[in-house]
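User: I should like to go through this assembly with you. Could you set out the chain contacts and the symmetry?

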There are 4 protein chains.
Amino acid sequence: MSETEMQALLKDTPSNWGKWGKQDEAGAVNYLDNQQVLRAVLSVRKGLSFTLGIDVCAESGDPVAPGRHRPQRYMLRDKGHYEAGKVKRVKCCGGGESSEDLMSLPLHGTTHFDALGHVWYGDKLYNGFDANTTKGGLQHCGIAAIAEHGVVGRAVLADLPRFKNLSHLPAGYHISFSELRDCLDKQGTQLEKHDILLIRTGWLNVFFDGRVDEFFGDDEEKPERSFNLIEPGLTYEEDLVQWFYDMEIPALCTDTLGNEQTFSSTTGLHFPLHRALIRDQGMLFGEILNLEKLAEDCADDHHYDCMFVAAPLKITGGTGSPANPIAIK
Amino acid sequence: MSETEMQALLKDTPSNWGKWGKQDEAGAVNYLDNQQVLRAVLSVRKGLSFTLGIDVCAESGDPVAPGRHRPQRYMLRDKGHYEAGKVKRVKCCGGGESSEDLMSLPLHGTTHFDALGHVWYGDKLYNGFDANTTKGGLQHCGIAAIAEHGVVGRAVLADLPRFKNLSHLPAGYHISFSELRDCLDKQGTQLEKHDILLIRTGWLNVFFDGRVDEFFGDDEEKPERSFNLIEPGLTYEEDLVQWFYDMEIPALCTDTLGNEQTFSSTTGLHFPLHRALIRDQGMLFGEILNLEKLAEDCADDHHYDCMFVAAPLKITGGTGSPANPIAIK
Amino acid sequence: MSETEMQALLKDTPSNWGKWGKQDEAGAVNYLDNQQVLRAVLSVRKGLSFTLGIDVCAESGDPVAPGRHRPQRYMLRDKGHYEAGKVKRVKCCGGGESSEDLMSLPLHGTTHFDALGHVWYGDKLYNGFDANTTKGGLQHCGIAAIAEHGVVGRAVLADLPRFKNLSHLPAGYHISFSELRDCLDKQGTQLEKHDILLIRTGWLNVFFDGRVDEFFGDDEEKPERSFNLIEPGLTYEEDLVQWFYDMEIPALCTDTLGNEQTFSSTTGLHFPLHRALIRDQGMLFGEILNLEKLAEDCADDHHYDCMFVAAPLKITGGTGSPANPIAIK
Amino acid sequence: MSETEMQALLKDTPSNWGKWGKQDEAGAVNYLDNQQVLRAVLSVRKGLSFTLGIDVCAESGDPVAPGRHRPQRYMLRDKGHYEAGKVKRVKCCGGGESSEDLMSLPLHGTTHFDALGHVWYGDKLYNGFDANTTKGGLQHCGIAAIAEHGVVGRAVLADLPRFKNLSHLPAGYHISFSELRDCLDKQGTQLEKHDILLIRTGWLNVFFDGRVDEFFGDDEEKPERSFNLIEPGLTYEEDLVQWFYDMEIPALCTDTLGNEQTFSSTTGLHFPLHRALIRDQGMLFGEILNLEKLAEDCADDHHYDCMFVAAPLKITGGTGSPANPIAIK
């Protein structure tokens, strides 16, 4: 196999392979040890908690591209089943009734975390596992390793649109590394080593405001876009990637579907940050978070840090997992 | 409709209907306000976190009764799809690849929380909503109300089998109210108002040790059992129910599928506590938690309290939601 | 309940309730007795068979409105699973391998037949069964009754666009009863009592030619359209409905999603023919058939009749079933 | 790769690769040309039709091994949804209502046909296609090729248990080639070239009579059995396989899950006939047919032949498809 563009780009990128042992499949959440948990607790000042998951199966729709799998909920039992005699009544129920349902749930189809084996290049996953082991389910680097560990740490929010006086960043906008730092500076936010980074773009509002066509972009105009998204975000910059490495950031979470500028303006590639950060550094990506209320509160009290607690499900072999992370201030 | 046995039993049971307004659908998690979050933080001493979800789709199996829906994971894309040319490669991918999957997930089929509209009697859900509103999905008292609030509070563990020097409580065992208090006393655990109660029975070990037939019981011998479980647990006792009410307990979580003695030895009914606590008091039930490691740590350091953080998914109309709760000590 | 417009319209419409007994749930396919099977056989002249199902899960897409459930196929085992060691090899396999998959299949999401309980008005299904019995699954008039009987009879094709020298009928076009008869006459086709009627509109070609927006119509312009279709077809005419009754037509099949003019130009209602023919006469509706090759052959040899053999699946409680009907000439 | 036992066994087995062109993916149903259709019609004497599919999702259960995927039906809309206001009513509905549902349907989980790419050995599918093309879906030899062609021909039934005066063949019983011929002879049945062969074992009755444990056998006693079935049936015999080849049999259908003796008493292998007949000869296998009523009628009128019409769904990439075949006498 000849070298791909992704391989060429990331040839000398910093890597955490081996840092937590050859068998590690959890990656940078290993940074979140007891000390980080205790540090996270210190961010709690008011006892206010914010749940960051978006609504699933709401009438307003799930932000999933047309044609892709979207979450569906199916009713298995409700009051109607009792009325129609579809539930066997036994004496010991004593008139008690219940409801049940089931979901068809794409593991990246709502607020979720990516497993480290969700993306790769050069036939190797994080920590050097062979990409062949993804066949039929992630034998290595599945989401269960991270779910077992849990995600508890201090997080800081960078609220880009507020910093720029916008309701949301424009389609395809590149948040440069220097702009990210300016935003944190202007907020007076001190990002410390091992902090989880939350980035607000406001972009999800475009979807929830009903501008669905704008949200998914014009697929036909730019046929080179394999994935009909035109989201704003960070993208590959050598010093940005080095900074994530040096600061030992365990996780990056945003209010976009892809966590980075869809079509990378610095490299011409799709999703290079996924490869540099997830595959090479073992970082955890949390996507499609609703950061609106948290951001308002941060703007109000000028504290942009919080205790962040999240736990994907321990899905054996899963490429990701839905979650409803909680920020506590 | 003539009065059912469940109605007769719970005629004078304490109720929280109206306590948080006529439109409330979240119930007793409303107790978990800022003060409770701050109190929870005080339980964190070591910075140790325990993820309490069980494995989903593991080879050891999911503890779901035969014939009922079990979680299934379906692969949508893996390395094989690339090898077989099933993924359209576009230039800008640059050799980057990824995996995706989807689950069929019964909302009570793994570690989960019950929505308040999951159970009812007398055609009324918690807070008086009409049971007809469950048809096709919970229009009221769905899990999203609780998921929006989040579950952050101080929890205490009652480790019954350790107290009784057993690996697990026997099938169908009744944990009496007085035994629960004795256990907490002997542990030196002070359960305070607004604490979340975690009860360990060890019963899930029967399943995970491979004794599946023992776990699900002999359905044929006792045909009056509609639900082939014979789990140990608390059951309806008037003073127990009053105590939950007086102590304003937001949530009860256990390591069993049903959170209470399946076939109630005090009432002859199925699941009366679900009705008394969920439907009447609006309490949150968390079921199928893995409490093993947490319990070991509590036995080690003699601290049976923790900060408990959990967040079901915001599933519109859902009768429950999977979750992976975290206990932080 | 006050009388609805549908009830008013169909107050005196001919009905087959009771014709095959009070318990009958199969309806007009009961006309298809041994004599009809033998008559069907007589239509076979060349031994040529045409399979009338459309492709399911093809890359060209399934003609399902955006936002509705579409057929999905999930791989459970393929060569990749063997390569990744995901299939337990036992000695007696001797190197034999296999593949398996599973579908999520909406029962009206591809070529299919409607159960008689699929539509109703006035709270009564075909043959007078209570609409409450549909809750949680069709206790009466499910597709299994028809699937048990099977659909074997003589069919005749009315090829409207060929008759009118069009590639397909225009959006929303009303095929009048007199035009239907003219078409059959011009074709030289003698529709006999108990014949199955196949109507070609060519409308599906709009979808398969990639004009998806045209196919589903402009939902926003006509907000009164609950169902974003604008298909051409027959609609309610009193003498048409009487003719179906008098001719004892067992089934109507077309190459459209809804088998009738979506927004009825004679009544201002949605799908009144479904009610008059399925609910009142117990007729079988087959929808989304691919009639292209059959129609070409009929135009070639001037024989517009065939032996029609189809069998929905015996799905207990199902509101319909996919099928791949066969026309034999 | 060293030679496997399956390769060794089938080294010189007759093959139809290339017979219908290098690109053929339909195999032996190609024998079913116009002449065979006309010959099939001649078997119709009484106009009696038998639908051979089993019930799907019936209360009696689907004959699917515990732990494997079973068909599930989910209700999407019924009368309860209208009562609960879950369906948006628009004026033009005029009071008309409807029901809808969706299935989770394993493609081998009820009466079905196998795609030619369902089984293979030596990394080659029927007609020499590479087994790598199965990854993520059958790029070659999927069920759609057969579904496009349809299955219309003359079939003959061999009713083994009636021949042997048994209600059903014993578990694991080997139907030898000579016994098959004796049975046909004793019935007075002339199997002709290009006939479809239907074999009745009566074995499904064990399941439908409620003897589920007996049906699936004792998995623990014989751990070498990867697939917990112990069905009776034909198995590999050199002259049997040659006879299928010489007689140019398009399809073999039985009333068992696996169409052959599960654990082959002649070879010690699992399912060798699948490889010899499907992979090498391109034969169509139809499994889990209900042959009870057909068999009774054959015994009554001593005619064991019929017109057989079946059509799997045109599922792109599918490893099989459910069907409800029809036998017409």
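Analyst: The following answers treat the contacts between chains and then the symmetry. This is a predicted model, in which local features need pLDDT of at least 70 and side-chain atom pairs count only at pLDDT 80 or more, while totals for chains, interfaces and linings use all residues. Residues are numbered from 1 along each chain as its sequence is written, chains are lettered from A and ligands numbered from 1 in the order in which they are written, and side-chain values use heavy atoms, with hydrogens and water left out.

User: How many residues of chain A are in contact with chain B?

Analyst: Contact is made by 95 residues of chain A with 95 residues of chain B, where contact means heavy atoms within 4.5 Å.

User: And what area do chain A and chain B bury between them?

Analyst: The two bury about 7200 Å², with 56% of it on carbon and sulfur atoms. Buried area is the accessible area (1.4 Å probe) that two parts lose on being put together, summed over both. Lys79(A), Cys92(A) and Lys314(A) supply 9% of the area that chain A buries against chain B, more than any other three residues.

User: How many salt bridges cross that interface?

Analyst: The rule finds eight between chain A and chain B; a salt bridge is a side-chain nitrogen of Lys or Arg within 4 Å of a carboxyl oxygen of Asp or Glu. One of them joins Glu83(A) to Lys135(B), with the closest N and O atoms 3.0 Å apart.

User: Which strand gives the largest share of the side of chain A that touches chain B?

Analyst: Strand β4 (residues 100-106) of chain A does, with seven residues. Strands (E, at least two residues) are DSSP runs, numbered from the N terminus.

User: Which strands pair between chain A and chain B?

Analyst: Strand β6 (residues 119-120) of chain A pairs with strand β3 (residues 97-98) of chain B in the antiparallel sense, over two bridges. Two strands pair if DSSP finds at least two bridges between them. Within this pairing, Val119(A) stands opposite Ser98(B).

User: Changing topic: what turn lays chain A on chain B?

Analyst: A turn of 180 degrees with a shift of 0.0 Å along the axis does so, with an RMSD of 0.0 Å. Copies are superposed by least squares on the C-alpha atoms of residues with pLDDT of at least 70 in both. In chain A, the C-alpha nearest the axis belongs to Ser104(A), 2.3 Å from it.

User: And what relates chain B to chain D?

Analyst: Chain B is laid on chain D by a turn of 180 degrees and a shift of 0.0 Å along the axis, with an RMSD of 0.0 Å. That is the relation of a two-fold axis. Pro66(B) comes closest to the rotation axis among the residues of chain B, at 3.7 Å (C-alpha).

Definitions and conventions: Helices (H or I, at least four residues) and strands (E, at least two) are DSSP runs, numbered from the N terminus.
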